[in-house]
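Here's a quick briefing to read with the structure open beside you. Have a look at the fold first, then work through the points by topic.

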Amino acid sequence: MSRPTKRARVQQQPASAATPAKPKREPLFAPFRSLGHVSTGVPFVLQSRASKHLQQPALTVITSLGASWAMWEGQSMRLLFVGPDMGKPITSMAVLNESVFAAAGNMVGRFVRGKEVGRFVTGGGRTNGAYDSDSDSSDSDSSSSASSSSSSSASSSSDSDSDDEDDPLSPIPESLDNLVLFGNTLIALSSTGRRMYVWDVPPYIKPASKDPLAKEGEEEGDVAGSETDEEQDERVVTPYATLEFPTGFTATKVLHPASYLNKVVVGSKEGEVAVWNVRTGSCIHTFPSSALAGSHPASAVTSLSQSPAIDVLGIGLATGACILFDVRLGEVLGKVRLEGEGAGEVAALSFRTDSEAQTLAVASTSGHVALFDLGNEMKLLHLVRNAHEGPVGGLEWVPGQPLMITSGGDNSVKQWLLDTPTAAPRLLKQRSGHHAPPHFVRYNADDGKSLLTAGADRSLRYTSVVRDSRGYELSQGSIARKATRLDVRPSSLKLPLITSLAYSTARARDWDDVVSVSADESLGRSWSVENKRVGKWTFATEGKATVSAVTACGNFGLVGSQAGDVQMFNMQSGMKRKVFKVPNAGVTDVRGRHVTGLAIDALNRCVVVSTLKGALHFFDFQTMKLMSILTLKASVTSILLQRDNGLLAAVCDDLIVRIVDIETRRVVRELSGPRGRILDIAFSPDSRWIITTSQDSVIRTFDIPTGQLVDAFRTKTVATSLTFSPTGDFLASTHVDSVGIYLWANRAQFSDVSLLSFVEEETLEDVALPTVQGVDADASLSAISAPSRWEDIQPYTTPDQLADSLLTLSLMPRSRWQTLLNLDTIKARNKPKEAPKAPERAPFFLPTLPGVDHRFDFGTSAPNGAAKEKKDDAAQKRKLDFAVGAAVETDFVRRLTSEKKDGNYQSFFEYLKALSPSNVDLEIRSLSTIPHLEAFLHALLARLRSHRDFEACQTFLAVFLRIHGDILIANPDTKGPLEAIAEQQKKEAERLIDLTHYNLGTLAFLRGVALT
């Protein structure tokens, strides 16, 4: 991370010089987070904090993850939180209360709960000048041998204080290492070993929280908000002293001895050890290499550690020797050495601090950890061989406990417990990941919460996306015990590199569910993710095994070989069941026999086998007979089947992904665009996209229906493998030279996306890999939100009619028009057995208007005379006057007559389809005049000619003819409209029958004929 500086004043350019910036196209996938990182070769930091509320001290382990750091809970090794990305690799760390200090590049960052609160830079300090000459007045009692030199250096430095005050050291662009923190003083060595920087650590003041009762805009300067330039400058701390080491002294390690005020011990590459006063900036004393190594050649100091005894330090050398050295007396109290071939240098050492035993633990660069008994003539107690795969980075004893913690560059942190003072350390807990880059990744279950990864460290690991503590390595047997007995590294006894992996979780609880193929082996192996171990079955093949597959039901596993055979085994019993023979020209036909891919459909009907010759062989799963062969234009390197829709993606050597439909056995899409060898492909869960990664370091997304490239972005390192989450939310990838698994959030989960193709050369951009910390809480909405600069395309809505020549049906349910056709039968069935009885007292009735809808007549009341006449005629029997009813125009008739003669009667038919079957029947019966009948016939004819509502028109026409058929036949005026309807009806019916028969014949032909 660069040093924060004041914002530079930006000079406004004239309007003519300003050029409009081209809008940036956001990629489809956004970086989310990285998984699988535990530790690097940087020594970890252990913090033990006691409290009266805790039965035992709380342990915190802080490890480096590269450019960031992680804090773990020491008891359960649970991840607490991860620090931010510092931009450069972390070289050293230190801890003070709640503050974590991490050195990266030429600066040291201070973090509290994962947020940066300060920064220590290398510029602006004094060169070997005294800061406070009175501060070491009480130091003379700490070291009698160095008292005279201390006083002389103090006096000389105090005289030159005023001269050095005005001679600031210009910032030097060199990285920092070996952080040491004691009191309020922070010390770091330069990477060149020529300088030592000293800072005063200011106290940490928690920012004031915002008053919830304060009004908006009030107390803006008092609460934590956007930092000003002055506040950023206050966070930057410059060293008050920069100490230059003399020529011939290259510093490698630094340590603060207990009870020594303002003193540090510095070890050098030349084998010398010097004591410095960081306040006066003077070297108090230098112990030559002969005082440490004796008659042996000088060796570089590689480790320093404080022992439980005051004045006694442990000094590790590059020769593998560890010396107990008394700084006060300048004497060597004892020496131990890492013996044996390949013992390596001393990487770290630590003293046991409990009262049970006096033990010294020494770790080497070869990965061994040796325990020496200091109370019994410094004899070797135990040697833990290959405690780590590679150099041990850090080694610490937990204060007051028989517990030892180690870390290494193999991406692991381990806890070792000593049950008795002389017992051998046993592995208690560990957190680990791949210590070599993984090259194969697949989602394991349908919930999208777990991953299976295979790496160059020859291991198969289970990684949880939800919780890091659930990850583990699938056991390959008692490899550690065998490695100790044979004195070899455990990795040399592991299975060869896994090249193919297939799984099915359908029967994972019953038996093995994973089949793998390793390099240069003539067999496949089964694994059990549920039991966390390698399975008990091996599937032997005739030639070298190349690929594997597991059926969707989880009952059978298939292994293909270079001999042209695909053998099927039972996953429960491990017995061979079937053999699929790939046709070839014999032993000389190497390309035709080499099986490169296997796929089985979801129903176990078809087995697809691809060869290096570019042929796809389709076998019947039951009879093992070869059904057909599809020859592609180039060699096939791998295949992937999407079982949900039967699409098979074949990766070819000509940098083209060909998609084959396994039902028709034809190539339906060809996707081109990669400019390097295609390494892996993945389908989206909805089968809409296919994602590819190639050696040109570009991840591309193709839209399968259109066959167009819809997204592409370039990563810093090549992605070796990728897989899409079954839930569609994440894309997981593995990359070259990285032990992590990277998750990319799918932006399409948040909004509709544009599927328009784009020119890759114009819009391709570099995207940084996801960090371990993941998306920041404040930036989560902006980082994973829907794309904002994509083309604004409205959601597609299906029109009422796709084309004028197509025959479109209505949206009426089937029960609607069936009820209308059989309405008389339904009424007869539902007719009451007895007539309704009149009520004792007739209710009050309002006059109603004629029509289907119940509408009351609120007209003016009759005058008194008319009312009297009406009362006199009350005894007369009331009769219905049909002539009056026919003269009234209903809403149905009004809508029918208001339509244009040359239109398609859209609004009228929408109203008609909205009526219930009984109301439609009543409205059709109310058509009593010849003009109304002719208008209805004309409406049906116009609707048939528009090719819409075909089945609804048939229903309305049938009901209309059944009700008014006798009137239509008797009236010659309706003959013309009836003949026109009959002609249009016949034309549409014949066209519908022809199209239906054509489609049925085509489907029958495709099902019954084997296409090649």
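What follows covers the nonpolar cores, the aromatic pairs, charges over rings, and a couple of spots in the strand-bearing parts. Keep in mind that this is a predicted model. The biggest nonpolar core holds 33 residues, and a search of the whole structure turns up 20 aromatic pairs.

**Nonpolar cores**

- In the largest core, the residues with the most contacts inside it are F892, F908, F909, L912, F936, F956 and F960.
- Five helices each give two or more residues to this core: α13 (891–898), α14 (906–914), α15 (917–925), α16 (930–945) and α17 (950–970).
- Take F936 as an example: setting aside neighbours within four places in sequence, F936 is in contact with F892, L896, F908, I924, L927, F956 and F960.
- Another core lies apart from that one, with 18 residues, among them V180, L189, L243 and V266.
- As background, nonpolar side chains in soluble globular proteins tend to be buried together.

**Aromatic pairs**

- One of the 20 pairs is F713 with W744, whose ring centres are 5.1 Å apart; the planes meet at 45°, so this pair counts as tilted.
- F713 sits in strand β55 (residues 708–715) and W744 in strand β58 (residues 741–746), so the pair links distant parts of the chain, 31 residues apart.
- Both partners are buried: F713 has a relative accessible area of 1%, and W744 comes in at 0%.
- F909 and F956 also make a tilted pair, with ring centres 6.3 Å apart and planes at 40°.
- This second pair joins helix α14, home of F909, to helix α17, home of F956, across 47 residues of chain.
- F909 and F956 are both buried.
- Ring pairs tie F892, F908, F909, F936, F956 and F960 together into a cluster.

**Charges over rings**

- R442 has its charged end over the ring of F440, 4.4 Å from the ring centre.
- R895 does likewise with Y911, its charged end lying 4.3 Å from the centre of that ring.

**Annotated repeat and a loop residue**

- The unreviewed UniProt entry carries the annotation "repeat: WD" for residues 385–416 and 671–712.
- Within residues 385–416, the model shows 53% strand and 0% helix, and the end C-alpha atoms of the span lie 13 Å apart.
- N531 is found in the loop between β38 (523–528) and β39 (533–540).
- Is N531 buried or exposed? Neither: N531 has 44% relative accessibility, so it counts as partly exposed.
- The C-alpha atoms of N531 and L474 are separated by 8.4 Å, though the two residues are 57 apart along the chain.

How values were computed:
Residues numbered from 1 in each chain as written. Predicted model: local features only at pLDDT ≥ 70, side-chain atom pairs only at ≥ 80, totals over all residues. Heavy atoms only, no water. UniProt positions renumbered as here; feature names shortened; annotations may be inferred. Helix = DSSP H or I, 4+ residues; strand = E, 2+ residues; numbered from the N terminus. Buried < 20%, exposed > 50% of the residue type's maximum accessible area, 1.4 Å probe, protein only. Core = buried A, V, L, I, M, F, W, Y, C linked by side-chain atoms within 4.5 Å. Contact = heavy atoms within 4.5 Å. Phe/Tyr/Trp six-rings, centres within 6.5 Å; stacked < 30°, edge-to-face > 60°. Lys NZ or Arg CZ within 6 Å of the ring centre and 35° of its normal.
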